[in-house]
Amino acid sequence: MGKHIPPFDNKNQPIVDVNDEVTPLCYFNQVCLSQGDQHQHVVEGYESVIVLAGGTCSITVTNGEKTEVYDNIGKRKSVWDGNPEAVYVPLGYSATIDCVSDTADVMIAGGKFEQSLEPFCVREENVDIVQYGSDDTKTHRKIKHVLGQSNSDNRGRLLVSELFTVGAGGWSGFPPHKHDEDRVKPDGSKETLYEEVYQFRFNPDFGFGAQFLYEHEDDFGPVYHVRTGSVIAIDKGYHPSVAAPGYEMYYFTIIVGKTEKSLIQHFDPHHEYQVETIPGIKDMIAKFK
């Protein structure tokens with residue numbers, strides 16, 4: 001139903017590799033570089049996107065016949081300082097990442113796909129920013145979409161975002177929801193199957209939170225203590241998370257569909273009524289239907 005990978009030095013090797021035993025649709029690597037370092041990236045059978053969490057890189061994307069060079073990707077020092085920039089690497093392409101700043105913190109997200117598209121870059125002004133929830137409901141959050149609805153024609157089924165709990169403490173992924181079946185529900189609405197991988201970070205860095213997982217609305221599932229660098233892989237079930245009071249929580253989200261390009265979630269029936277109490281959430285849900 002999911003797993004927690006505690007923080008560790010991955011030495012620039014995949015944290016969630018191809019054909020993972022829990023989330024085979026997803027791929028995730030964190031690459032840490034110093035000025036002058038170079039990293040080669042290629043993942044067969046997966047589309048991917050290279051996101052600068054911090055620092056600046058030059059990224060060259062090629063398939064042997066076509067080469068695109070994207071200079072000065074990344075304008076921020078860390079995820080707390082501004083908007084992300086990224087380069088999309090289609091199926092069948094490889095990428096060379098050259099660090100041009102003192103250091104670079106690079107997040108590579110991948111999703112299993114069957115079609116080769118065209119490379120493109122996402123600059124900070126192209127990032128879609130959505131904010132909803134409220135301090136009163138303890139659900140205030142901001143989402144920065146790197147791959148989302150605005151570039152859906154240029155990507156496959158890979159969705160990548162940065163999510164922040166706004167303020168000190170609060171809930172995310174709430175009301176609890178799941179997206180583990182491709183189905184039409186009895187009321188005629190849909191649910192789509194998407195696997196999901198997160199990497200958490202906290203501000204201040206020693207903060208912490210909790211990730212809940214449960215498969216059925218009446219189940220008791222595991223709860224994982226997450227800290228900066230914790231990775232959660234989710235293949236099914238409901239999955240709300242919470243940040244401890246006094247700490248801002250960030251997580252890098254990789255969400256990959258099995259058959260559909262739009263994520264449509266199903267809320268836990270016990271808590272679905274709270275959609276009516278959280279400012280802005282209904283508008284956000286409507287965009288994906």
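Leaving aside the residues within four places of it in sequence, Thr-192 is in contact with eight named partners in this predicted model, and they fall into two stretches of numbering: His-179, Asp-180, Glu-181 and Asp-182 are among them, as are Glu-260, Ser-262, Leu-263 and Ile-264. Thr-192 itself sits in the loop that joins β17, residues 190–191, to β18, residues 194–203. Because its relative accessible area is 1%, and buried means under 20%, Thr-192 counts as buried. One of its partners deserves a second look, since a polar atom of the Thr-192 side chain lies 2.8 Å from the backbone nitrogen of Ile-264.

A second residue to look for is Tyr-214, which is found in the loop between β19, residues 208–212, and β20, residues 223–227. Is Tyr-214 buried or exposed? Its relative accessibility is 11%, and therefore Tyr-214, under the 20% limit, counts as buried. When neighbours within four places in sequence are left aside, the residues in contact with Tyr-214 include Met-1, Pro-176, Asp-219 and Gly-221, and also Gly-237, Tyr-238, Pro-240, Asp-268 and His-271. With Asp-268 there is a polar contact between the two side chains, at a distance of 2.6 Å. For a sense of scale, the C-alpha atom of Tyr-214 can be compared with that of Asp-71, which is 143 residues away along the chain, and the two atoms are separated by 43 Å.

From these two places we can step back to the whole protein. It has one helix and 24 strands. Its radius of gyration is 18 Å, close to the 19 Å that the globule rule gives for 289 residues, so the protein is as compact as a globular protein of that length. Along the principal axes, the C-alpha atoms fill a box of roughly 50 × 40 × 35 Å. Of the 289 residues, 56% count as buried, and the accessible surface comes to about 12500 Å², with 49% of that area belonging to carbon and sulfur atoms. Among contacts with a separation of 6 or more, residues 24 or more positions apart account for 73%. As for charge, the protein has 26 positive and 43 negative charges, and the mean positions of the two sets are 2 Å apart.

The backbone, too, has details that a reader may wish to find in the model. The peptide bond that leads from Phe-174 to Pro-175 is cis, with omega near 0°, and Pro-175 belongs to the loop between β14, residues 170–172, and β15, residues 177–178. Another cis peptide bond runs from Asn-203 to Pro-204, where omega is near -5°, and the place of Pro-204 is in the loop between β18 and β19.

Two further residues are marked by the angle phi. Lys-11, although it is not a glycine, has a positive phi of about 50°, and it lies in the loop between β1, residues 2–5, and β2, residues 26–34. Because its relative accessibility is 62%, and exposed means over 50%, Lys-11 counts as exposed. Asn-72, likewise a residue other than glycine, has a positive phi near 55°, but its place is in strand β6, which covers residues 67–73. With a relative accessible area of 46%, Asn-72 is partly exposed.

How values were computed
Residues are numbered from 1 along each chain as its sequence is written. This is a predicted model: local features need pLDDT of at least 70, side-chain atom pairs count only at pLDDT 80 or more; totals for chains, interfaces and linings use all residues. Side-chain values use heavy atoms; hydrogens and water are left out. Helices (H or I, at least four residues) and strands (E, at least two) are DSSP runs, numbered from the N terminus. The radius of gyration is taken over C-alpha atoms; the globule rule is 2.2 Å times the number of residues to the power 0.38. Buried means under 20% relative accessible area, exposed over 50%, partly exposed in between (1.4 Å probe, protein chains only). Contact means heavy atoms within 4.5 Å. Accessible areas come from the Shrake-Rupley method with a 1.4 Å probe; for residues, only the protein chains shown count as cover. Lys and Arg count as positive and Asp and Glu as negative; His and the chain ends are not counted. The place of a charge is taken as NZ of Lys, CZ of Arg, CG of Asp or CD of Glu. A polar contact is a pair of N or O atoms within 3.5 Å; within protein, one must be able to donate a hydrogen and the other to accept it, and residues adjacent in sequence count only if both atoms are side-chain atoms.
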